[in-house]
Amino acid sequence: MPEATINGKRISFHQDDTILAAARRSGIDIPTLCHVEGLRPEGGCRLCLVDVKQLGLKAACHTPISPDSVIVTQTQELRQMRRWILELLLEQRNVSDVLSDSVFARLCHEHGINITTTDRRHFDGYLGFDPKACIVCRKCMVACDLIQGQNCYSVQNRGGLTQLALGVNDGFTGSPCTYCGACAPLCPTGAIVDINLPHDVSVDSVCGYCGVGCRVRVGVNDGQIAAIDGITDAMVNRGHLCAKGHYARQYVSSPDRLTTPLLRDGDDFKPISWTRAIEVLADEIRKAKSEHGPNSLAILTSSRATNESAYLAQKLFRSIIGTNNVDCCARVCHSSTALALRTVTGTGAASASYQDIERATCIVVAGANPTEAHPVVGARIKQAVKRGARLIVIDPRAIELTQFADVHLWLKPGTNVSLLNVLAKILWDAQQVDQAYLDEKVEGTEAFSAHLDSVDLSDVAQTTGVSLDDLHSAAALLKGPTLFVHGLGLSELTQGTESVMALCNLGMLTGSIGRSGAGMLPLRGQNNVQGNADMGGMPNLFTGYQPMDDPEVRHRLANLWGSLPPAQPGLKSPEMFTAAKMGTLKFLWLQGEDAVQSDPNTRDVIESLEQLDFLVVQDLFLNETTPWANLVLPASCVHEEDGTFTNGERRIQRVRASVAPPGDAKSDWWIFQETARALGADWHYEHPSEVMDEIAKAVPRLFGGVSYQRLEGDGLQWPCPHKDHPGTATVHASGFLRGKGLLTALRYLPSPEQTNEQFPLMLITGRVLHHYNVGSMTRRTPQLAMASADVLEMNPADAGLLEDGTMVTLRSQWGTTSLVMKRADRVAPGTVFCSFHHPETGINKVTGPHTDPQSKCPQYKATAVSVTAVP
């Protein structure tokens, strides 16, 4: 490495280093006020001036360091100049009320300048802004522009009158702010602050919200979480967090956390000990198995819990109880995605990584709303587009990313297969495909070509609502390897599996799958939904997606587990509720699953629960399902648990407890182990790391090289087959895992839900920015004030005379609910949208029983409804 001299010390530096970067890496302090690490130099404050031999005074933040440079950072002249700069800022900006522990206050003190300081701030949500303390360093502007991409801040006036402007009356409320908080820790004066507090202890872990898997540093004071910040060098999030991950932690210490097991006692519950709870559990399991057989029992496992928990849950039911009736929440979100990807590529997970967003030249976002549901990924996509990547959005709503898109294909709900078939035909007919890639790596081309001959372009506008011109415009951008970012708008339909397979067709035609900056990148919903499925949380595959009838697999698992269930697949979650209603399923364990609120067709779910002999609910809080429970078990949350999560790019990362669980709440893996031991199993795991060691033995081809020792820092992306393997950022790079990729001929089938005179509108359900799934966590935080209720979004053309705030009745053939409506141009005429975060809304009273016939994923994205004002 090249070397230079700073303050008489010989240092090494990287080729593209600035003087500031090289000095800081060597532990040499150079003061700055406007520099943001990792972003472009602002070069505005000039506090970082240094003396470079033969060059004179230079700003260290943007001056490249040269080999054999001789640099001095501290002289009497430099000290005096820095003092003048600080005094000038104080005078010109009329600065007051600087925070006493701020960088600016420290620098003033070091340079002998007396200033007025304070320790108080007023907060507007999670953040506070005091313009009196602002020196207009622009760090907040740079961060907001180049990290989150919201452009909340602006500069008004010139010279000594220059000032920072934010929203209405200098407040975050009314501004475009999403409360990501990227600006607050950068502010040198404390003009911008957040609710995070100083702390004594820091613990590195992973966010417990969406499937992005942001790494976090949790600050603790006196056993309570005082702060959560992003880890600056984390590959997943580079220090960035959304409001939920950064600040929405108050649910952890909510007074209504479950703290002791509860047993049904008439119409109420009575608290019991864990000894008694495990005894009751074991007795009820034995009873159901003895009287009705092992297949009369089932479990739905939680994707908020760890990999180790998920592994032990399915091991308990398979090796001890003897049934494959094991499923997880992936069934009601990305099961269609996983099945489609496994069918056509050989693995049911992302081929790409988040780092491919920065490398992509073209991005397709299909059926996903990243800026709301996966905000850190959404921000990265916005930044990629600002740097020149082309963007195509396929969505039945005008989501935020449509403002950045080259083309928005605004399709009707449920018509993905038709639209994607037409795009494929346009590419094929124009010979705009990677023929060499297809010849070498793909099969099924002849049948696919014949299928495309039958695709009629003249029908596309009527079927999908998208003009042929817009489709040609989109196809013109698909000139080579493309990154396909997709979500539940593809999978949660009766043609969900085929929608994802149709998107994969485009991935293969463009030569994208297995290439850097390209490929398939499904955005997973919950923090560990990928890991839950990886661990065997599905009824038709063992851990690691291993076939249940493979003799080699069965032999290996039998050696680890002792006994195995039959090779026949178990029940998927919708089938579990059907079996309960029919009386063949007697015992159901719901771990972290509030089925009454989250599953479709609420009335049918309740009728099914009423037929069970025994229902176990294991969760953080009492929920909408607990009224039907016989036993309620208090679980620990992400901040109280050790283990691992696997994010949407297959990255396995360490989760660490930072605080103790409340009362007698327990880790999920402990609960499953104690239940297994009560049933006679010889399980003696002392720590989750021992469970991970067993997982590595159970699935050597995917996890053989995974251990807690190797998961420090950014973890590992599977496949990681041995201890020297670095992990896999791009799957299928050396060929598809199934041998060759499969192009599939897919016929568009209209949804069973169609609008008519009685139900003239199509309902779409989904998330909004400020909440997470059923809201049990976010509704117990200040997020509730940002979105206090589910709202029905309705196009003004359909709303007619209905005004914002009108209470309306939403009705389908399956049920009815009432809620407030809002006029919104982002939903197309003929469609309405509603989130599902608030139990009072009961939006799933309206959704129906339709599922994808292959994956059994419910159709949340298309329900025919009517809307009328409540009298």
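Two strands are said to pair if DSSP finds at least two bridges between them. In this predicted model, strand β3, at residues 49–52, is joined to β4 by four bridges, and the two strands run antiparallel. The points below place that pair in its sheet, describe the helix that lies across it, and then turn to the cysteines.

**The sheet**

- The strands β2-β1-β5-β3-β4, in that order, form an open sheet of five strands whose pairing is mixed.
- The edges of this sheet are formed by β2, at residues 9–12, and by β4, at residues 56–59, each of which pairs on one side only.
- From one strand to the next, the twist averages 35°.
- Within the antiparallel pairing of β3 with β4, Val52 stands opposite Gly56 of β4.

**The helix across the sheet**

- Helix α2, which spans residues 76–93, lies across β3, β4 and β5, the last of these being residues 70–72.
- The direction of helix α2 is at about 155° to that of β3.

**The cysteines**

- In general terms, a disulfide is a covalent bond between the sulfur atoms of two cysteines.
- A search of the whole structure for such bonds finds zero disulfides.
- Cys183 is in no disulfide, and the cysteine sulfur nearest to it, that of Cys177, is 6.3 Å away, whereas a disulfide requires the two sulfur atoms to be within 2.5 Å.
- Cys183 has a relative accessibility of 8% and therefore counts as buried, the cut-off being under 20%.
- Cys362 is likewise in no disulfide, with the nearest cysteine sulfur, that of Cys504, 16 Å away.
- Because its relative accessibility is 3%, Cys362 also counts as buried.

Conventions: Residues numbered from 1 in each chain as written. Predicted model: local features only at pLDDT ≥ 70, side-chain atom pairs only at ≥ 80, totals over all residues. Heavy atoms only, no water. Axes fitted to C-alpha atoms, helices over the stretch in contact; angles between N-to-C directions. Contact = heavy atoms within 4.5 Å. Buried < 20%, exposed > 50% of the residue type's maximum accessible area, 1.4 Å probe, protein only.
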